[in-house]
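Visitor: I am new to this structure and would love a close look at one part of it. Could you take me through the salt bridges, and then show me a little of what lies around them?

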Amino acid sequence: MNLHEIIQIEADRLEKEVHELETRLEKAPKGSLRCHKNGKSFRWYFIDEKDHRVKEKNAKRKYISKKTGRPLAEKLARKAYDKRKLAGCKKELTALKRYLNCSNSEIMPEQKYLCENSGFRELLISGMPLMNRELEEWRVADYLRNPFYPENLQICSSDGTMVRSKSEALIASGLASNGIPYRYECALELEGQTLYPDFTIRHPFTGKVFVWEHFGMVDQEEYLERTLKKLRVYLRNGFIPDINFIMTFETRQVPLGYDVVFRVIQDYFM
């Protein structure tokens with residue numbers, strides 16, 4: 001699976017989500033909700049959307065009782081949330097389609113020349129600047145990989161790396177397409193135990209080492225507990241967020257998006 005295909009999958013998912021949101025909004029009650037702070041709690045008010053003063057401070061409103069009107073308030077709150085989410089999904093979908101229209105489905109064909117079995121590799125490496133040469137040698141050198149559950153390595157990123165999830169494929173493809181050398185699930189010894197960070201990365205200009213962990217099930221209690229234990233180990237051993245340690249997260253309801261991946265890559269490595 002290359003980057004083009006991953007983004008196509010994300011675009012398809014967003015189209016489905018846009019359809020679901022539009023369908024739900026069609027069934028939503030008329031009007032909108034306004035909340036006003038009242039001490040430590042809030043008062044709920046119904047706003048008639050036909051009222052031309054709806055955006056004004058003194059717009060006509062009707063009080064919603066918390067005892068009898070909560071079901072209506074919940075539906076109106078969901079309606080407001082869905083409208084905002086729909087706008088964001090449409091904006092992201094537009095950006096994805098623009099990329100798909102301009103890109104080629106075959107990502108990074110030039111990488112074939114740097115593969116270990118390519119006759120061009122030796123000639124190309126010798127002409128690289130010293131730092132680039134060192135990083136390229138580091139990228140293709142053998143390393144101790146995660147030996148557990150190899151059968152789960154079923155998704156191929158744009159540079160041919162087999163990974164365990166679509167989100168990891170998105171990260172791997174993003175790194176590769178920007179010329180950022182990395183190793184996937186490379187062994188790291190910390191406090192007498194072996195960790196296998198999702199991505200061990202070398203900065204393309206300085207060579208500085210970064211670790212990027214993607215936590216993909218933080219809405220599951222057991223997974224979250226294991227994540228917190230792992231984070232403590234990283235922190236005690238000098239891997240500090242925003243310095244040399246990168247974290248991304250997702251849940252079943254909020255998957256990792258391509259926009260997050262490329263924003264992270266731009267912030268840290270470009």
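Guide: Let us start with a definition: a salt bridge here is a side-chain nitrogen of Lys or Arg within 4 Å of a carboxyl oxygen of Asp or Glu. Side chains of opposite charge can pair when their charged atoms come close. Please keep in mind that this is a predicted model. By the rule just given, the count comes to 14 salt bridges.

A good one to begin with joins Asp82 and Arg24, whose closest N and O atoms are 2.8 Å apart. Asp82 lies in helix α2 (residues 70–102) and Arg24 in helix α1, so this pair ties together parts that are 58 residues apart in sequence. The two partners sit in unlike surroundings: Asp82 is buried, with a relative accessible area of 1%, whereas Arg24 is partly exposed at 36%.

Now stay with helix α1 and find Glu17 and Arg13. These two form a salt bridge as well, with 2.9 Å between the closest N and O atoms. Why are they within reach of each other? They are four residues apart in helix α1 (residues 3–26), so about one helical turn separates them. Glu17 is buried, at a relative accessible area of 13%, while Arg13 is partly exposed, at 30%. The pair also belongs to a wider group, for Glu10, Arg13, Glu17 and Lys85 are linked in a network of salt bridges.

For another bridge, move along the chain to Glu185 and Arg164, whose side chains meet at 2.7 Å, N to O. Glu185 lies in the loop between β6 (182–184) and β7 (188–190), and Arg164 in the loop between β5 (162–163) and α5 (166–177), so the pair ties together parts that are 21 residues apart in sequence. Here Glu185 is the buried partner, with a relative accessible area of 6%, and Arg164 is partly exposed, with 24%.

From that loop we can step into α5 itself and see how it meets another helix. α5 packs against helix α7 (residues 258–269) at an angle of about 40°, and their axes are 10 Å apart. That angle makes α5 oblique to α7. The crossing of α5 past α7 is right-handed. On the α5 side, the residues in contact are Leu170, Ile171, Gly174, Leu175 and Ser177, and they meet Tyr258, Val261, Phe262, Ile265 and Phe269 of α7. By kind, the residues of this contact divide into eight nonpolar, two polar and no charged.

Helix α7 does hold a charged residue for us to visit, Asp259. Asp259 is partly exposed, with a relative accessible area of 31%. It is 164 residues away from Ala95 in sequence, yet their C-alpha atoms are 9.4 Å apart in space.

Our last stop is Glu213, in strand β10 (residues 209–215). Is Glu213 buried or exposed? It is buried, with a relative accessible area of 2%. Leaving aside residues up to four places away in sequence, Glu213 touches Tyr196, Pro197, Asp198, Lys230, Tyr234, Phe245, Ile246, Met247 and Thr248.

Definitions and conventions. Residues numbered from 1 in each chain as written. Predicted model: local features only at pLDDT ≥ 70, side-chain atom pairs only at ≥ 80, totals over all residues. Heavy atoms only, no water. Helix = DSSP H or I, 4+ residues; strand = E, 2+ residues; numbered from the N terminus. Buried < 20%, exposed > 50% of the residue type's maximum accessible area, 1.4 Å probe, protein only. Axes fitted to C-alpha atoms, helices over the stretch in contact; angles between N-to-C directions. Parallel < 35°, antiparallel > 145°, perpendicular 65-115°, else oblique. Left-handed = near helix turned anticlockwise from the far one by under 90°. Contact = heavy atoms within 4.5 Å. Nonpolar A, V, L, I, M, F, W, Y, C, P; charged D, E, K, R; others polar.
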